[in-house]
Amino acid sequence: MDSKPRRRTVVENGDTGEDLVLATLIGNGEDVGPIVRHAFEMGRPEALLQQLKSFVKKKEIEIEDLCKAHYEDFILAVDELRGVLVDAEELKSELASDNFRLQEVGSALLIKLEELLESYSIKKNVTEAIKLSKICVEVLELCVKCNNHMSEGQFYPALKTVDVIERSYLQNIPMKALRIVIEKTIPVIKTHVEKKVTSQFNEWLVHIRSSAKDIGQRAIGLSASARQRDEEMLDRQRKAEEQNNSGSADFVYTLDVEEIDEDSLLKFDLTPLYRAYHIHACLGIQEQFREYYYRNRMLQLSSDLQISYSQPFIESYQTYLAHIAGYFIVEDRVVRTAGGLLSTDQLETMWESAVAKITSMLEDQFSHMDSATHLLLVKDYVTLLGTTLRQYGYEVAQIFEALDNTRDKYHDLLLTECQEQIMNAIGNDTYEQMVMKKDTDYENNVLYFHLQTSDIMPAFPFIAPFSSMVPDTCRIVRSFIKGSADYLSYGVHTKYFDAVRKYLDKLLIDVLNEAILSTVQSSSIGVSQAMQIAANISVLERACDFFLRHAAQLCGIPLRSVERPQAVLMAKVMLKTSRDEAYLSLLNLVNIKLDEFMALTENINWIAEEASQNVSDYVNEVLIYLDTIMSTAQQILPMDALFKVGSGALEHISYSFVAAFLSDSVKRFNANAVMVLNNDLKILENFADERFHSTGLSEIYKEGSFKDCLIEARQLLNLLSSSQPENFMNPVIRQRNYYTLDYKKVATICEKFKDSPDGIFGSLSNRNTKQSARKKSMDMLKKRLKDFN
């Protein structure tokens, strides 16, 4: 709103200040209310009224002056206004005429417009009706399609159709009744689908549980085949190494690579599971289905882990373990392909519970087993189970540790079985050298255990230096090594050679060696048996190297690592000790037999009047016996053993000569008896010397001989035959000629020496005869020995 221009108020003479203020306020259009209120408050309203009247009067005078000044202009304006009024009347008449004509034309157009608008309205209604009808038709078509899918069991397409109806049509259905029917039917359809799919899934659960055994057996069979291929390859490698060690350098190396897709071989249908999970996901209840699946599979696992006591475990363990393998192979496939149906943590929980139950079951079953074979069969299948499931990412170390904890029990059972077999082999042995009539016998009993002493094939029939006990025992030991390596292989420890070696030493020392020692120490064996046992021990001692190499081969250890001197079995040392004890037993039996043949106190006439020039009868028997012993020993015993047997027997003969002189039954003897014994000893010395050279021992033992074993008897007889026996007391002569003789023994023997005939009147006839120089020397020796003692 534009402000009004202020006019300057002319103040006439005689105006008061209050009049000026009031005029200014009114002129400026300001509120005069405060002044009026003030006038009434002061009790002077009349003065204010007078001022207002005066102000009005002034303004009227101003208006009148203004009209007088513009009178002519006002008249002209009124005249112009009358002319405009005439023009307006004419224009109004023309407008009325034009309006009439327009009304006449517009009435027809208006009727047409109303008809057109009505047509448009009808068209719109028809279009809307068609649109709504199409929606209803499409909805009904989808309903029909859904019904068809349901009737055909195609639940996923049915649910997709329902989902389309819900998302795109349900809120747009124009017919309320139809919409209500569909809204009520959709939950019914979903519930029906859920029940049907759950029913199919339950059938699949039953089917997959019954199929788990076949799945596990096929998977374990594949692992067994792979293991067999590895063992065959290792066997070819061993043969190549043996050829290399034998000097053959022509090798053909082949690498067989066979890729096997286990998923293609282990075919089992998870389609019902995928369908059920997918449909539950479509229904928005996939978490419910996950819990349902996990709960039911855990129940199945708990049931599958229960041991059936309707039949022995050894008859059902394969089915039991194959079922578990199949179960977890299926679960692995579910985790990998089912899109989150089963989590890795859930599978880990299932596996941990299964491992705990399996290890507990194995410990319990193994504790009741009393057969090494059964233990090995179960262990082998359990390792195949572990190998199979390890390929699917399962941690099987705890199962292998449970198996490793049973190896002592297994080997105790195996040792017990082998002990019985070894005792039977030793008990059934005839202690006669084996006769092999053909090369197959030689290969099976000698070459198979590397017992040959030459690479040249012998002529047949071949007489082996050992009895049947040796190859029988070697077979038992070889089977023990195989059983031990089989049990320790494919376990926790990949390097198990030391364990096999430990148990092998235990078998050879605690079982075989003890059984041989028991036989050696028994009183029922004779000389031939003792000699054959000693020969057998020597062969078994040599076979220890074969046992160690065989163990190394089965454990995959290079042969060069066991061919070092420090790599020998402790059993080899123990067998060597047992062999020495067998030699002692043999020598003891030989000496007992020699004592029976010699019996010098009975076979010799110690006071003969004449010296016989014939060889004593006992000497022939001793020579025949020694010849038999030495010939047999030369055939079956090593050269060092032959030397021990020969030297031991001859030393005992020498001892027997000296002991005969010291015997209490020999009260006295004369020179004739000394001469007879001297002749006998010469025969024995000749035999000893001849045998020492004919057996080839002279080429080995350069500094000794069999003849030296008779040295004590020879020195004693030389002393008794000497013309100056008192030279025995000469240190130089004694050290050179009589160093084996003992002072006390010589003194005792010399006291018995009476150089006179044993006749009734012998002492009387010779009492006054002159003593010979020899007798004087002997008497001097006796006197000096008595003084020395």
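**Exercise 1. Place leucine 113 and classify its exposure.**

Leucine 113 sits in helix H4 (residues 71-151). Helices here are DSSP runs of H or I with at least four residues, numbered from the N terminus. This is a predicted model: local features need pLDDT of at least 70, side-chain atom pairs count only at pLDDT 80 or more, and totals for chains, interfaces and linings use all residues. Residues are numbered from 1 along each chain as its sequence is written, and side-chain values use heavy atoms, leaving out hydrogens and water.

Next, apply the cut-offs: buried is under 20% relative accessible area, exposed is over 50%, and partly exposed is in between (1.4 Å probe, protein chains only). Leucine 113 has a relative accessible area of 41%, so it is partly exposed.

**Exercise 2. Check the span of helix H9 against its number of residues.**

Helix H9 covers residues 286-304, 19 residues in total. The expected span is 1.5 Å times one less than the number of residues. That gives 27 Å. The end C-alpha atoms are 26 Å apart, which agrees. Buried residues of H9 include Phe289, Tyr293 and Leu301.

**Exercise 3. Compare the backbone and burial of tyrosine 431 and histidine 450.**

Start with phi. Tyrosine 431 has a positive phi, near 55 degrees. Histidine 450 also has a positive phi near 55 degrees. Most residues other than glycine have a negative phi.

Now burial. Tyrosine 431 has a relative accessible area of 15%, so it is buried. Histidine 450 is at 38%, so it counts as partly exposed.

Conventions. Helices (H or I, at least four residues) and strands (E, at least two) are DSSP runs, numbered from the N terminus.
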